[in-house]
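Here is a short report for a reader meeting this structure for the first time. Please keep the sequence and the model in view while reading.

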Amino acid sequence: MIETIRHARYTSPIGELLLATKGDRLCGLHMIDDPSDPRLAAAGGGDAFLDEIRQQLDAYFEGRSRGFQTPLLQDGTAFQRKVWAELAKVPYGETISYAELARRVGDPKASRAVGGANGRNPIAVIVPCHRVIAADGRLGGFGGGLDRKLWLLQHEAHVVGREAPALWTSR
């Protein structure tokens, strides 16, 4: 039996997000730049599982929660899944460098490969790829755009009572 992917829209402080689920597992959380994106138009209203994800996102964006309890389905290579598993371990409000992430996945020389896997993360925000920054402390890249990455990092820093480094705003 082939499971259907269900889509739902979520309006967040960082813009429109498209949620994708297969069964009772989240398989995608994508940041949408174009309000006329046909994926948004095709997104349904949801169901109890999607409502639970929305409630968890509400709690995150309102600063009431620092994590997610959502079953995930992450399709990717073994290396990508290993990187995404390490991303999930980066504590709320903290950052690590691409080099450190490469070290954590067991290949200290794989910073570029780690960056590629980080960029292909299909479940943004919940699998916190925004918490990976350049070794010099600058933001580096982000598939959702640097403004969104900065917002997410500043939001988390504020919730944990930290000052966001000035270096984050100098690109």
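The report below goes through a helix, the cores, three strands and a loop of this predicted model.

## Helix α2

Start with helix α2, which spans residues 48-61. It has 14 residues. From first C-alpha to last it reaches 20 Å, close to the 20 Å expected at 1.5 Å a residue.

Both ends have something to show. At the N-terminal end, Asp47 acts as the cap. One of its side-chain oxygens lies 3.1 Å from the backbone nitrogen of Phe49. After the helix comes Gly63, with a positive phi near 80°.

Much of α2 can be traced through its buried residues. They are Phe49, Leu50, Ile53, Arg54, Gln56, Leu57, Ala59, Tyr60 and Phe61. What do the buried residues of α2 pack against? Three strands are on the list: β1 (5-12), β2 (15-22) and β3 (25-32). Helix α6 (146-159) is there too.

## The nonpolar cores

In soluble globular proteins, nonpolar side chains tend to be buried together. Here the largest nonpolar core holds 37 residues. Which of its residues touch the most other members? They are Leu29, Leu57 and Val125. Several elements give two or more residues to this core: β1, β2, β3, α2, α3 (78-87), α4 (98-104) and α5 (111-119). The largest share, 6 residues, comes from α2.

A second core is separate and has 5 residues. Among them are Ile133, Leu139, Leu153 and Trp168.

Now look at Leu57, a buried residue of α2. Leave aside its neighbours within four places in sequence. Leu57 is then in contact with Tyr10, Leu19, Leu29, Phe68, Val125 and Ile126. Two of these partners, Leu29 and Val125, are named with Leu57 among the residues that touch the most other core members.

## Strands β1, β2 and β3

Strands β1 and β2 pair in the antiparallel sense, over 8 bridges. A hairpin of 2 residues joins them. One bridge links Tyr10 to Leu17 in β2. Tyr10 is also a contact of Leu57.

Next, β2 pairs with β3. These strands also run antiparallel, joined by 7 bridges. Thr21 has Leu26 as its bridge partner in β3. Ala20 has Gly28 as its partner there. The hairpin between β2 and β3 has 2 residues between the strands, and Gly23 takes a positive phi near 60° in it.

Is β2 enclosed or open? 6 of its 8 residues are buried, so β2 is largely enclosed by the rest of the structure. Strand β3 is mostly covered, with 6 of its 8 residues buried.

## The loop between α5 and β5

Three residues deserve a stop in the loop between α5 and β5: Pro122, Val125 and Cys129.

Take Pro122. Its relative accessibility is 14%, so Pro122 counts as buried, the cut-off being under 20%. How far apart are Pro122 and Gly28 in sequence and in space? They are 94 residues apart in sequence, but 5.1 Å apart in space, C-alpha to C-alpha. Beyond its neighbours within four places in sequence, Pro122 is in contact with Cys27, Gly28, Leu29, His30 and Trp84.

Val125 has a phi near 70°, a positive value in a residue other than glycine. Why is Val125 classed as buried? Its relative accessible area is 1%, and buried means under 20%. Val125 is also one of the contacts of Leu57.

## Cys129 and Asn118

The UniProt record, an unreviewed entry, carries the annotation "active site" at Cys129. Is Cys129 buried or exposed? It is buried, with a relative accessible area of 7%. Setting aside neighbours within four places in sequence, Cys129 is in contact with Leu87, Asn118, Asn121, Ala124 and Phe142.

One of those contacts, Asn118, sits in helix α5. Asn118 is buried as well, at 6% relative accessible area. With neighbours within four places in sequence again left out, Asn118 is in contact with Val83, Leu87, Tyr98, Cys129 and Val132. Leu87 therefore appears in both contact lists, that of Cys129 and that of Asn118.

Terms used. Residues are numbered from 1 along each chain as its sequence is written. Side-chain values use heavy atoms; hydrogens and water are left out. Helices (H or I, at least four residues) and strands (E, at least two) are DSSP runs, numbered from the N terminus. The expected span of a helix is 1.5 Å times one less than its number of residues. Buried means under 20% relative accessible area, exposed over 50%, partly exposed in between (1.4 Å probe, protein chains only). Contact means heavy atoms within 4.5 Å. A polar contact is a pair of N or O atoms within 3.5 Å; within protein, one must be able to donate a hydrogen and the other to accept it, and residues adjacent in sequence count only if both atoms are side-chain atoms. A nonpolar core is a set of buried Ala, Val, Leu, Ile, Met, Phe, Trp, Tyr and Cys residues joined through side-chain atoms within 4.5 Å. UniProt positions are given in the numbering used here, feature names are shortened, and annotations may be inferred rather than shown by experiment. Two strands pair if DSSP finds at least two bridges between them.
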